[in-house]
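Subject: Structure handover

Hi,

Here is the structure we spoke about. Please open it alongside this email, and my notes follow below.

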Amino acid sequence: MLNADLAHCSELLLEKELTVAFAESASAGRMVAEFAMVPNAGKFLKGGFVCYDACLKEDILKVPKELIEEFTPESPEVTKAITEGLTKLIKADIHIGVTGLPTPGGSETPEKPVGTMFISCIYKNKELFAERVVFDGEPEEIILRTVFHTAELLATKLHSL
């Protein structure tokens, strides 16, 4: 069954004739997969790049190693940087980057617990939104909630474009 936020966001992308691409770390391609299941996705979905390992963030998306070392791979700063790097990799109107901690073993701290996710969105080379969210649950639930929350955020912003 198609999530309502995802369906609404996709309708707006189609209506406004906008395209979207994703740089995914923590979500490991799930954003693209979920958006791809929407009817007519081929008219708005350009694709995505999975950069789960930090070396891909550095080598392909040109995120400075120092930025990753200073802020960790799961941070708003690195999320913004992967989104900016994506703008040079895939041509689209909207670029969205996602990093975070759906499972233990990353850079979690009491201030940044497992479940913390970072989302960055650039529209025509300007930041449209950047958000830090924290979800409870199993890893798959955290990822899906991030996907649907991203769709909701994007739909809200698309109304004002």
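**The sheet and its hairpin**

Tyr123 has Lys126 of E5 as its bridge partner. This is a predicted model, so please read everything below in that light. The two strands here, E4 and E5, make a hairpin with two residues between them. Lys124 sits in that turn and has a positive phi of about 50°. E4 and E5 run antiparallel and are joined by eight bridges.

On its other pairing, E4 meets E3. That pair is also antiparallel, with seven bridges. One point to find on screen is Gly97, which stands opposite Ser120 in E4.

Now the whole sheet. It is open and has five strands, in the order E2-E1-E3-E4-E5. The pairing is mixed. E1 and E2 are parallel, with five bridges between them. E2 and E5 are the edge strands: each has a single partner, so one side of each has no neighbour in the sheet. On average, neighbouring strands are turned by 15° against each other, direction ignored.

How much of E4 is buried? Eight of its eight residues are. Thr116, Phe118, Ser120 and Ile122 point one way from the strand. Met117, Ile119, Cys121 and Tyr123 point the other way. Both sets are buried.

**The main core**

The largest nonpolar core has 33 residues. Leu13, Phe35, Ile94, Ile96 and Leu154 have the most contacts inside it. At least two residues each come from helix H1 (4-15), E1, helix H2 (30-36), E3, E4, strand E5 (126-134) and helix H6 (139-159). H6 gives the most, with eight residues.

There is another core, apart from this one. This other core has 13 residues, including Cys51, Ile68, Val78 and Leu86.

**Three phenylalanines**

Phe35 is worth a closer look. Leaving out residues up to four places away in sequence, Phe35 touches Leu6, Cys9, Ser10, Leu13, Phe22, Ala41, Phe44, Leu45 and Ala151. Its relative accessibility is 1%, and Phe35 therefore counts as buried.

Two of those contacts, Phe22 and Phe44, belong with Phe35 to one aromatic cluster. The structure holds two aromatic pairs. In one, the ring centres of Phe22 and Phe35 are 5.1 Å apart and the planes are at 45°, so the pair is tilted. This pair links distant parts of the chain: Phe22 is in strand E1, Phe35 is in helix H2, and they are 13 residues apart. Phe22 is buried, with a relative accessible area of 0%. Across the sheet, Phe22 stands opposite Gly48 in E2.

How do the rings of Phe35 and Phe44 meet? Their centres are 6.4 Å apart and their planes lie at 75°, so this pair is edge-to-face. Phe44 counts as buried too, at 1% relative accessibility.

**Two helices to look at**

Start with H5, residues 76-89. The helix has 14 residues and reaches 20 Å from its first C-alpha to its last. That is close to the 20 Å expected at 1.5 Å a residue. Its buried residues are Val78, Thr79, Ala81, Ile82, Thr83, Gly85 and Leu86. What covers them includes strands E1 (20-24), E2 (45-50), E3 (94-100) and E4 (116-123). Helices H3 (54-59) and H4 (65-71) are also part of that cover. Two of the buried residues, Val78 and Leu86, are in the 13-residue core.

Then H6. This helix lies across E3, E4 and E5, and runs at about 145° to E5. His159 lies in H6. Is His159 buried or exposed? His159 is exposed, with a relative accessible area of 51%. The cut-off for exposed is over 50%. Aside from neighbours within four places in sequence, His159 is in contact with His8 and Leu12. The C-alpha atoms of His159 and Ala23 are separated by 23 Å, and the two residues are 136 apart along the chain.

**Where to start**

I would open the hairpin, then the phenylalanine cluster, then H6.

Best wishes

Key:
Residues numbered from 1 in each chain as written. Predicted model: local features only at pLDDT ≥ 70, side-chain atom pairs only at ≥ 80, totals over all residues. Heavy atoms only, no water. Helix = DSSP H or I, 4+ residues; strand = E, 2+ residues; numbered from the N terminus. Expected span 1.5 Å × (residues − 1). Buried < 20%, exposed > 50% of the residue type's maximum accessible area, 1.4 Å probe, protein only. Contact = heavy atoms within 4.5 Å. Core = buried A, V, L, I, M, F, W, Y, C linked by side-chain atoms within 4.5 Å. Phe/Tyr/Trp six-rings, centres within 6.5 Å; stacked < 30°, edge-to-face > 60°. Pairing = 2+ DSSP bridges. Axes fitted to C-alpha atoms, helices over the stretch in contact; angles between N-to-C directions.
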